[in-house]
Amino acid sequence: MPDHILSIDQGTTSSRAIIFDRTGTIVATGQKEHEQILPRAGWVEHDPAEIWRNVQEVIGLALTRAHLTRHDIAAIGITNQRETAVVWDRTTGAPVYNAIVWQDTRTQEIVDRLAADGGVDRFKPDVGLPLATYFSGTKVAWILENVEGARARAEAGELMFGTTDSWVLWNLTGGVSGGIHATDVTNASRTMFMDLRTLEWRDDILDAFGVPRSMMPEIRSSSEVYGKAENSSLLRETPIAGILGDQQAATFGQAAFAAGESKNTYGTGCFLIVNTGTEFVQSKNGLLTTVGYKLGDEPAHYALEGSIAVAGSLVQWLRDQLGLIDSAPEVEELARQVDDNGGVYIVPAFSGLFTPYWRPDARGAIVGLTRFANRAHIARAALEAVAFQTRDVLDAVNADAGVTLSELKVDGGMVANDALMQFQSDILGVPVVRPVVAETTALGAAYAAGLAVDFWSGLDELRSNWREDRRWEPALAHTERDRQLRLWRKAVTKSMDWVDDDVL
């Protein structure tokens with residue numbers, strides 16, 4: 001009998017396949033980065049064909065390293081970068097344009113045009129999201145408006161749209177030979193096209209964006225059998241049974257199943273999610289309302305989310321654009337060479353500011369520089385920027401929830417950075433808790449898939465799998481915390497009002 005679940009984690013910087021056993025323990029991993037295509041300032045793209053090739057390769061790597069075959073895999077889960085948009089031809093399977101990544105800001109003109117009638121909150125009462133370049137709706141609209149022939153082909157029913165979960169699912173289940181065109185409620189809730197109450201596409205909103213209904217995938221729950229792998233010899237006939245957007249998957253992997261439970265994921269961006277149960281809650285403090293998960297025929301669970309565009313990608317920028325470090329782990333070693341940030345603050349508003357500010361006019365800033373500052377201070381300021389942004393989001397969560405969070409569960413690649421986690425606890429003033437399995441994004445997708453095929457008995461069994469690895473307690477005097485927060489918030493104001501019509 002199969003005794004493992006395989007998760008495909010199609011992320012912003014890489015694709016991974018991770019195999020878990022019944023205890024939620026990682027058995028083996030395969031990972032491969034894909035190219036970050038940056039054609040112009042503010043434009044971020046991926047090659048969908050490269051992503052699909054890499055997904056196939058990492059599946060093979062994980063199975064080989066685990067010494068397993070498809071007969072050992074009970075089901076496949078998929079998790080993904082949520083708002084990245086792919087448009088492809090349903091007959092040839094060829095993308096009509098590169099995937100436009102969630103960080104991309106080229107669609108601000110479309111946002112402004114749509115906001116001219118009703119403001120940025122025009123659709124928020126129904127979809128839970130403000131108009132912003134972040135979400136995939138404006139990205140597919142841009143492709144239809146700017147890629148030659150795309151609109152005519154879309155209106156003729158020749159094109160398909162999906163976030164990368166849909167792209168992987170369609171290819172994995174056969175592609176042009178009967179591939180399944182579907183998504184789950186969590187990814188659908190990030191398009192701006194899905195009504196959060198009915199969990200269906202809104203034709204009036206699709207019309208406002210100029211997107212034909214025929215392009216859209218079918219909306220399914222997060223945990224059910226969508227189909228079987230037909231386009232992968234290594235996983236042939238294995239059921240694909242779970243799909244969750246990456247941040248919802250991380251929340252599920254942290255066993256935050258009940259109202260009031262939360263987590264913060266430190267990946268390319270940083271995302272704090274608070275489960276609000278089956279209640280649809282509208283934020284008054286810049287948070288997003290989103291679907292947390294839906295298991296089969298059960299009611300959907302909703303969540304409030306704080307989204308930070310730049311976290312781990314700031315370290316990647318130090319490595320790839322500035323050459324300040326040779327590898328990501330070096331940033332902690334460099335930051336530890338100094339006792340403080342030397343008065344330097346980095347506001348990484350590369351894609352504008354997300355929660356709680358929602359300022360598309362902001363751009364990245366490094367402030368407080370003196371001749372005393374060196375590369376170690378820059379590295380420390382980069383790590384601290386992640387923690388400061390999380391504090392801003394947590395303040396919004398506390399204001400909306402009306403109850404102060406007593407501790408913060410964390411996960412994602414950056415939680416291996418002890419210096420960051422200690423400073424995070426210091427600047428929040430609450431304990432920060434890391435689980436044994438920090439790769440909770442892939443784990444959440446595995447859990448959703450396993451539940452659908454009765455690999456696990458239910459949520460109680462999944463809760464019993466969660467185990468604490470390490471806890472950081474705040475050690476910073478409150479006067480120093482207040483001082484640093486005051487300077488951080490001053491730095492944030494320096495990043496705003498930067499974008500004019502003639503700014504690249």
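Me: In β16, which residue is the bridge partner of Tyr-266?
Reply: A friendly note before we start: this is a predicted model, in which local features need pLDDT of at least 70, side-chain atom pairs count only at pLDDT 80 or more, and totals for chains, interfaces and linings use all residues. Residues are numbered from 1 along each chain as its sequence is written, and side-chain values use heavy atoms, without hydrogens and water. Strands (E, at least two residues) and helices (H or I, at least four) are DSSP runs numbered from the N terminus, and strand β15 covers residues 262-266. Across in β16, the bridge partner of Tyr-266 is Cys-270.

Me: How many residues lie between β15 and β16 in their hairpin?
Reply: Two strands pair if DSSP finds at least two bridges between them. Here 5 bridges join β15 to β16, and the two run antiparallel. In the hairpin that they form, the number of residues between them is 3.

Me: Is Gly-269 buried or exposed?
Reply: Gly-269 sits in the loop between β15 and β16. Leaving aside neighbours within four places in sequence, Gly-269 is in contact (heavy atoms within 4.5 Å) with Trp-102, Ile-308, Ala-309, Val-310 and Ala-311. The relative accessible area of Gly-269 is 2%, and the cut-offs are under 20% for buried, over 50% for exposed and in between for partly exposed, with a 1.4 Å probe and protein chains only. Gly-269 is therefore buried.

Me: Which residue of β18 stands opposite Ile-273?
Reply: All 8 of the 8 residues of β16 (270-277) are buried, so this strand is largely enclosed by the rest of the structure. Cys-270, Leu-272, Val-274 and Thr-276 point one way, while Phe-271, Ile-273, Asn-275 and Gly-277 point the other way. β16 also pairs with β18 (301-308) in the antiparallel sense, over 7 bridges. Opposite Ile-273 in β18 stands Glu-305.

Me: Which helix gives the largest share of the largest nonpolar core?
Reply: A nonpolar core is a set of buried Ala, Val, Leu, Ile, Met, Phe, Trp, Tyr and Cys residues joined through side-chain atoms within 4.5 Å. The largest one has 110 residues, and Phe-193, Phe-209, Val-211, Met-215 and Tyr-266 touch the most other members. Its largest share is 14 residues, and they come from helix α12.

Me: How many residues does the other core hold?
Reply: Beyond its neighbours within four places in sequence, Met-215 is in contact with residues including Val-87, Leu-144, Phe-161 and His-181. Apart from the core of Met-215 lies another core, with Val-86, Trp-167, Val-168 and Ile-243 among its members. The residue count of that other core is 32.

Me: Are α2 and α4 roughly parallel or roughly perpendicular?
Reply: Ile-110, Val-111 and Arg-113 in α2 (108-115) meet Thr-138, Ala-141, Trp-142 and Glu-145 in α4 (136-146). The axes, which are lines fitted to C-alpha atoms over the stretch in contact, with angles from 0 to 180 degrees between N-to-C directions, lie 9 Å apart at an angle of about 105°. Under 35 degrees counts as roughly parallel, over 145 as roughly antiparallel, 65 to 115 as roughly perpendicular and the rest as oblique. α2 and α4 are therefore roughly perpendicular.

Me: How many of the residues of α4 are buried?
Reply: The buried residues of α4 include Lys-139, Val-140, Trp-142 and Leu-144. They pack against several elements, among them β6, β8, α2 and α8. The helix is largely enclosed by the rest of the structure, because the buried residues of α4 number 9 of the 11.

Me: Which strands stand at the edges of the open sheet of 6 strands?
Reply: This sheet has the order β3-β2-β1-β5-β14-β13, with mixed pairing. Each edge strand has a single partner strand, so one side of it is left without a neighbour in the sheet. Those edge strands are β3 and β13.

Me: What is the relative accessible area of His-67?
Reply: His-67 lies in the loop between α1 and β5. Most residues other than glycine have a negative phi, yet phi of His-67 is near 55°, a positive value. His-67 is exposed, and its relative accessible area is 73%.

Me: Which proline follows a cis peptide bond from Thr-355?
Reply: This bond has omega near -5°. The proline is found in the loop between β19 and β20. That residue is Pro-356.
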